[in-house]
Amino acid sequence: SRALRAVFDSVRPQWRYKSSFEMSEVSVAVFAGGRSLRFGSPKINAKVNGREFGEIIFNTLKSSQFENVFLVGGEPSDALRWGVEYLDDEFPDSGPLGALVTAMRMTQSKKLLILPCDVPFIDVQTLETLMSINADFDVRVANTDSPQWLCSTWRLEVKDFLENEFARGQRAIHQICGLLKTEFVQVSNDSLRNINLITDLD
């Protein structure tokens, strides 16, 4: 196994415009999530100011000029409405690691940025900060007041490692990160404000 290397970057890197070439190096997978028992309905279809979470997130991704964007799990009709590719989650009862393995199997880009479906306030600057993995690391994880494991970017080179760990029964992304060279980058709390309950929208 690989030694854990965790680096907290307390200073947000200076934002700059990313070229279309840089964006094509990164695919983006948004995880529709499980049954949303605490929320009571699919979170990706919850609304802020009359707009669904999924619509907001994918519009922000398009504004960032990402060329390869996927919805993993959920409803194919949602992906069609939002103009993105749909990936059927191959492991729907295996949590976000199953969705990550599904997306890794399909992407052709050098890096894969993953997002949960309950971050409708994510902004372009946060996305661009998150996608830039330093050369010595395998994974870059967003950090607010705690690590946001599902807001992270992964090098495609770790696909076989992920597949092997998944086959061995591993299901926790944070434990996977502990086995890889993982860096943490500080981002705005507001941009990654999680929506776990209906009352979180108040």
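This text leads from the confidence of the predicted model to strand β7, its residue Leu113 and, finally, helix α4.

The structure is a predicted model, and its chain has an average pLDDT of 86, with 81% of the residues scoring at least 70. Residues 1–17 should be read separately: pLDDT stays under 50 there, although the model gives this segment 45 contacts beyond four places in sequence.

Strand β7 spans residues 111–116, and 6 of its 6 residues are buried. Both of its faces are covered, with Lys111, Leu113 and Leu115 buried on one side and Leu112, Ile114 and Pro116 buried on the other. Two strands pair with β7. Strand β2, residues 26–31, runs parallel to β7 over 6 bridges, and Val30 has Leu115 as its bridge partner in β7. Strand β9, residues 147–155, pairs with β7 in the antiparallel sense over 4 bridges; here Ser152 is the bridge partner of Ile114.

Within β7, Leu113 counts as buried because its relative accessibility is 0%, below the cut-off of 20%. Beyond its neighbours within four places in sequence, Leu113 contacts Val26, Ser27, Val28 and Ala29, among others. Its further contacts include Phe66, Leu127, Leu130 and Met131, as well as Ser152 and Thr153. Leu113 also lies 8.5 Å from Val30, C-alpha to C-alpha, although 83 residues separate the two in sequence.

Helix α4 comprises 12 residues, 95–106, and reaches 18 Å from its first C-alpha to its last, close to the expected 16 Å. Its buried residues are Leu97, Gly98, Ala99, Leu100, Val101, Thr102, Ala103 and Met104.

Notes:
Residues are numbered from 1 along each chain as its sequence is written. This is a predicted model: local features need pLDDT of at least 70, side-chain atom pairs count only at pLDDT 80 or more; totals for chains, interfaces and linings use all residues. Side-chain values use heavy atoms; hydrogens and water are left out. pLDDT is the predictor's confidence in each residue, from 0 to 100. Contact means heavy atoms within 4.5 Å. The expected span of a helix is 1.5 Å times one less than its number of residues. Buried means under 20% relative accessible area, exposed over 50%, partly exposed in between (1.4 Å probe, protein chains only). Two strands pair if DSSP finds at least two bridges between them.
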